[in-house]
Amino acid sequence: MERKIQELRYLVIGAGGTGGCIAGFLAKGGRDVALIARGVHLEAIRRNGLKIIRPDGVLSISVHAEEEKEYKDKADVIFVCVKDYSLDSTYELIKKASHKDTVVIPLLNIYGTGERMSDRLPGIRVLNGCIYIAGSIECPGVLRQSGEIFRIVYGSVDGGTEDPVCRQAEEDLRACGIEAVYSDDVRRDTFKKYSFVSAMAAVGAYYGSNAGDAKREGAVRSMFISCVKEIEALAEAMGIDFGEDMAEVNLKVLHGLADDCTASMQKDLEKGGQTEMDGLVFEVVRLGNKYHVPVPGYVLIAEKFKFHLEDGQAGQAK
Ligand SMILES: NC(=O)C1=CN([C@@H]2O[C@H](COP(=O)(O)OP(=O)(O)OC[C@H]3O[C@@H](n4cnc5c(N)ncnc54)[C@H](OP(=O)(O)O)[C@@H]3O)[C@@H](O)[C@H]2O)C=CC1
Ligand SMILES: CC(C)(CO)C(=O)C(=O)O
């Protein structure tokens with residue numbers, strides 16, 4: 001018998017550019033959502049609510065936010081919205097917050113995150129997912145969303161088994177103003193997102209360029225297109241059928257971004273701290289090596305950041 005779902009309880013881990021916007025939109029739409037944040041950002045959200053500066057104005061939203069250790073509930077849907085380098089720090093909370101039907105939806109830009117998380121979370125249903133948004137923390141308690149794009153795609157790692165929780169989450173997200181897609185081929189769809197963000201992040205890091213530079217004819221745009229084509233060749237070797245011309249699709253996505261938009265990896269790089277370069281750029285070089293697909297654009301970019309393969313094996317960043 002189909003399980004009757006009443007109101008889903010959402011947990012969003014990470015209150016940055018992605019997680020803060022998701023929790024903010026869900027809360028604004030009246031959904032039951034808790035947001036895990038920390039430090040001065042958490043204090044500010046608690047004191048003043050969450051502000052999201054958008055192209056069409058500022059949203060001020062009251063969101064239930066707490067620290068990881070304060071969360072004592074069980075959630076039906078958990079969105080994981082942290083950088084790859086913080087992922088390990090989320091596992092204890094996910095274990096504590098899950099019941100037998102909970103679905104965990106990682107939205108990281110790193111391809112294959114869901115599979116990696118499943119290995120670390122036996123007995124918990126971890127999906128795969130991705131998100132299209134351009135968001136960042138402006139200052140404590142305040143996020144900036146540039147451009148209108150806000151799309152979440154998720155689905156089961158094993159393919160398209162229909163799940164009522166996932167279907168209801170899709171309805172909830174849409175009702176709250178987020179374009180949601182419960183995908184029947186999430187491996188393909190997350191690799192499609194990867195073909196965009198990896199290329200944009202790699203080229204942006206190489207040239208120090210933004211979306212506006214890639215929109216105009218010239219070296220930045222050419223390299224962006226070459227990188228997308230390298231990922232297309234990889235997809236073919238990996239048995240992923242994109243079914244459409246990703247250079248064309250990704251140029252449309254690019255044109256939907258504000259000119260001053262840069263990938264979140266590039267923002268981290270400019271701040272001088274940890275970045276997702278390994279999963280977004282070096283991993284493409286490793287995949288090229290594994291599947292015998294030439295990826296000269298990525299090799300050039302990776303070399304600029306002192307990464308190379310050693311003896312034909314997966315190399316180390318130096
Ligand atoms: N920003 C964007 O526009 C987009 C980002 N993405 C991807 O989404 C993922 C998340 O990125 P984004 O939202 O930008 O990341 P941010 O760095 O903006 O936000 C992550 C937040 O999570 C916090 N955090 C990390 N670990 C914990 C924890 N254990 N408990 C509580 N808080 C925690 C961080 O805190 P602290 O700062 O203290 O570490 C930070 O505030 C990445 O993989 C990114 O590539 C995808 C599409 C667009
Ligand atoms: C490029 C962008 C903004 C597109 O969603 C993104 O995914 C990121 O910054 O990580």
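## Exercises on burial, fold and the ligand 2 shell

In this predicted model, 44% of the 318 residues of the protein count as buried.

**Exercise 1.** Work out how many helices and strands the protein has, and why it can be called as compact as a globular protein of its length.

*Solution.* Begin with the secondary structure, where the protein shows 12 helices and 11 strands. Next, take the radius of gyration, which is 19 Å and lies close to the 20 Å that the globule rule gives for 318 residues, so the protein is as compact as a globular protein of that length. Then consider the extent along the principal axes, where the C-alpha atoms fill a box of roughly 50 × 45 × 35 Å. Finally, turn to the contacts with a separation of 6 or more, of which 68% join residues 24 or more positions apart.

**Exercise 2.** Identify which residues surround ligand 2, and determine which elements and domains supply them.

*Solution.* First, list the residues around the ligand, which are Asn109, Tyr132, Ile133, Ala134, Val197, Met200, Cys261, Ala263 and Ser264. Second, assign them to elements: β9 (128-139) and α6 (186-207) each supply at least two residues of the shell, and β9 gives the most, with 3 residues. Third, look at the domains, since the shell around ligand 2 draws at least three residues from each of domain 1 (9-184) and domain 2 (189-304).

**Exercise 3.** Sort the shell around ligand 2 into nonpolar, polar and charged residues.

*Solution.* Going through the shell by residue class, one finds 7 nonpolar residues and 2 polar ones, while no charged residue takes part.

Methods:
Residues are numbered from 1 along each chain as its sequence is written. Chains are lettered from A and ligands numbered from 1 in the order in which they are written. This is a predicted model: local features need pLDDT of at least 70, side-chain atom pairs count only at pLDDT 80 or more; totals for chains, interfaces and linings use all residues. A residue is near a molecule or strand if its C-beta atom, placed from the backbone, lies within 6 Å of it. Helices (H or I, at least four residues) and strands (E, at least two) are DSSP runs, numbered from the N terminus. Ala, Val, Leu, Ile, Met, Phe, Trp, Tyr, Cys and Pro count as nonpolar, Asp, Glu, Lys and Arg as charged, and the others, Gly among them, as polar. Domain bounds come from an automatic or database domain assignment. The radius of gyration is taken over C-alpha atoms; the globule rule is 2.2 Å times the number of residues to the power 0.38. A residue is buried if 20 or more other C-beta atoms lie within 10 Å of its own, exposed if 12 or fewer, and partly exposed in between; C-beta atoms are placed from the backbone. Two residues are in contact if their C-beta atoms, placed from the backbone, lie within 7 Å.
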